Amino acid sequence: MDLRVDADRLRADLEANAAFGRVEYDDPEKRGRTNRTGSEANRAARDRLVDRLEDAGLDAVVDEVGNVLGTWTPDAADPAAAPVVSGSHLDSVPEGGIFDGPLGVYAALEGVRAMREANVEPARPVGVVSFTEEEGGTFGDGLLGSSVATGQASAEDALAFEDDAGETLGEALDRIGYRGDDAIDPATWAAFYELHVEQDTVLEDADADAGVVTTITGITHCEARIEGEANHAGATAMGDRTDALAAASEFVLDVEAAANAVVDESSASAVGTVGSLAVSPNATNVVPGLVEAGVDVRDVEAESMETIVAAARESLARLERERGVDTAFERPFDVAPTPMSDRLRDAAHAAATDAGRTAIDLHSGAAHDAMRVARVTDASLLFAPSRDGISHNPREWTDWEDCAAATEVLAGALARIAVDGE
């Protein structure tokens, strides 16, 4: 099934959305936006989306945490049949790019338009969804809307999250008019597709039009505490020191070495990062007495993640023995790797062939709403190429032709599943 999308219309949607929270730069290669959940920019982006959904003949609803769902129920469809849904998110990180999130929302809408204009007659409804607070930049830790919709987090807890000013998510949604009372339940969906920019260079290097994700990486966040003794930097002899930062520097290198060993021996996609250090008292003339380190471990194989975490624990035990520091280790956040649906992946590859597009398999090293939805129904994540792999940055860019090509793959996949459920 070869569906052609309107590339100019898709571009117009993305550029209009980019205006909400636009950040101005002197550099013409920078196009940034700051669209935080609950902001006026977020309200405007939501308003425009609802207008565009309704203009295209979709019925729009909003649930209690602000998730927006538009549904097209063709005359030939069984309105009680489980729908096929696609979408992503509209919020952004501070000074993020214009494609991360909105491409998936507006590509889904363009897919519905393409089906309607080609007189495709799905046997089931087709939906377009925008999840609230995917980035976790204002309320919670990320994937908030999809976590609530799929029952993996409670709406009550989510609405109680506070931003830096003390306003809760519930208050923010009330203020912008997007605390709804409709039900959005992905467990009732027949399938879910999410199109997203890749945020890496695999597709660019392969000169491919689209990526079909096999597995979304697992993510573990750990917190290491290394306590020595703060003392005068000038009056404390080198042999009399218990330097927490010197010990932490070895910990950082041990985590890096463990990740490199896993890559060499078992899983090329594994990564381990010590991404944050809080040093106390953090004064140039004081031997550091305490370091708190944040560790991020990811892979598509759970076993390799456990190997890196175990190495981090052993590093701390060694530092206690050899450097005399006290250590503690916690693992507050842990998400298992999430495989994508083989059925939906096959449909995406078939759609790429029909459209004359090239699609390759790859994994996702970042979390996406599709990993939450995959817990309750079949889900698939598709990628469009990212120039130089840059994302969460105003230099993020995906060529307009690439946006349209990946959207054609998405549209064809949605049509295949919606028409006959292949």
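**Overall fold and the environment of Thr-150**

Buried residues account for 53% of the 422 residues in the protein chain. The model is predicted. Its secondary structure consists of twelve helices and 17 strands. The radius of gyration of the protein chain is 23 Å, close to the 22 Å given by the globule rule for 422 residues, so the chain is as compact as a globular protein of that length. Along the principal axes, the C-alpha atoms occupy a box of roughly 80 × 50 × 45 Å.

Of the contacts in the protein chain between residues at least 6 apart in sequence, 78% join residues at least 24 apart. The exposed area of the protein chain is about 17200 Å², and carbon and sulfur atoms contribute 44% of this area. The chain carries 33 positive and 83 negative charges; the mean positions of the two sets lie 3 Å apart.

At the residue level, Thr-150 was examined. Thr-150 lies in the loop between helix H4 (144–149) and helix H5 (155–160). The relative accessible area of Thr-150 is 10%, and the residue is therefore buried, the cut-off for this class being under 20%. The side chain of Thr-150 forms a polar contact of 2.6 Å with the side chain of Gln-152. When residues up to four places away in sequence are not counted, Thr-150 touches Pro-186, Arg-372, Val-373 and Val-376. Thr-150 thus combines a loop position with a buried setting and a side-chain polar contact to Gln-152.

Technical notes. Residues numbered from 1 in each chain as written. Predicted model: local features only at pLDDT ≥ 70, side-chain atom pairs only at ≥ 80, totals over all residues. Heavy atoms only, no water. Helix = DSSP H or I, 4+ residues; strand = E, 2+ residues; numbered from the N terminus. Rg over C-alpha atoms; globule rule 2.2 N^0.38 Å. Buried < 20%, exposed > 50% of the residue type's maximum accessible area, 1.4 Å probe, protein only. Contact = heavy atoms within 4.5 Å. Areas by Shrake-Rupley, 256 points an atom, 1.4 Å probe, with all protein chains shown as cover. Lys, Arg positive; Asp, Glu negative; His and termini not counted. Charge placed at Lys NZ, Arg CZ, Asp CG, Glu CD. Polar contact = N/O pair within 3.5 Å; in protein donor to acceptor, adjacent residues only side chain to side chain.
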